[in-house]
Amino acid sequence: MHEGAIAESIVDILKQVKEENKLNRIVKVRLKIGKMSGVMVDALLFALEALRTEEDVVESTEFEVTETDVKARCNLCNRVYEYTDISDIVMLCEQCGMPLDIIEGKEMKIIDVEGE
Ligand SMILES: [Zn+2]
């Protein structure tokens with residue numbers, strides 16, 4: 001899928017962070033990836049791993065990924081549903097039968113960068 005492109009944009013962001021903060025290296029990066037973001041965590045880590053040889057900035061960086069559960073809310077009764085397994089997702093409210101809005105689980109972001 002598009003994990004290779006995502007890995008490259010993460011590396012670009014890290015280059016910026018490294019330069020702006022005058023760091024010698026990026027030690028650790030924490031990523032938050034929603035279970036409905038469409039990003040395959042294994043594929044992303046593999047792509048980042050592959051970039052190590054080309055990009056000095058991630059040569060010795062540890063990547064930690066947290067997968068976030070999916071949360072959906074009913075617009076009518078405001079009931080919030082939480083799914084740890086995306087195959088369990090039902091897009092209709094059990095109470096009112098209204099379509100649910102995904103409020104969490106589609107995001108993909110860098111939450112923390114540790115450097116030295
Ligand atoms: Zn409802």
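How many bridges pair strand E1 with E6, and in which sense? Strand E1 (residues 26-34) and E6 pair over seven bridges, in the antiparallel sense. The legends below start from the whole chain and then turn to each sheet. The model is predicted.

**Figure 1. The whole chain has two helices and six strands.** Along the sequence, the pattern reads α-β-α-β-β-β-β-β. The C-alpha trace spans about 55 × 25 × 15 Å along its principal axes. The radius of gyration of the chain is 18 Å, but a compact globule of 116 residues would have one near 13 Å. Of the 116 residues, 17% count as buried. Contacts between residues at least 6 apart in sequence often reach further: 73% of them join residues at least 24 apart.

**Figure 2. Strands E2, E1 and E6 form an open sheet in the order E2-E1-E6.** The pairing in this sheet is mixed. Strand E2 (62-68) and strand E6 (108-115) stand at the edges. Each has a single partner strand, so one side of each is left without a neighbour in the sheet. From one strand to the next, the twist averages 15°. Between E1 and E6, the bridge partner of Ile-26 is Gly-115, in E6.

**Figure 3. Two helices lie across strands of the E2-E1-E6 sheet.** Helix H1 (residues 3-20) lies across E1 and E6. Helix H1 runs at about 35° to E6. Helix H2 (residues 41-51) lies across E1 and E2. Helix H2 runs at about 165° to E2.

**Figure 4. Strands E4, E3 and E5 form an open sheet in the order E4-E3-E5.** Here the pairing is antiparallel. Which strands stand at the edges? They are strand E4 (80-83) and strand E5 (100-104). Each has a single partner strand, so one side of each lacks a neighbour in the sheet. The twist averages 30° from one strand to the next.

**Figure 5. Strand E3 pairs with E5 and with E4.** Four bridges join strand E3 (residues 70-74) to E5, and the two run antiparallel. Cys-74 has Leu-100, in E5, as its bridge partner. E3 and E4 also pair in the antiparallel sense, over four bridges. Lys-71 stands opposite Glu-82 in E4.

**Figure 6. E3 and E4 form a hairpin with five residues between the strands.** In this hairpin, Asn-78 takes a positive phi. The value for Asn-78 is near 65°.

Methods. Residues numbered from 1 in each chain as written. Predicted model: local features only at pLDDT ≥ 70, side-chain atom pairs only at ≥ 80, totals over all residues. Pairing = 2+ DSSP bridges. Axes fitted to C-alpha atoms, helices over the stretch in contact; angles between N-to-C directions. Rg over C-alpha atoms; globule rule 2.2 N^0.38 Å. Buried ≥ 20, exposed ≤ 12 C-beta atoms within 10 Å, placed from the backbone. Contact = placed C-beta atoms within 7 Å.
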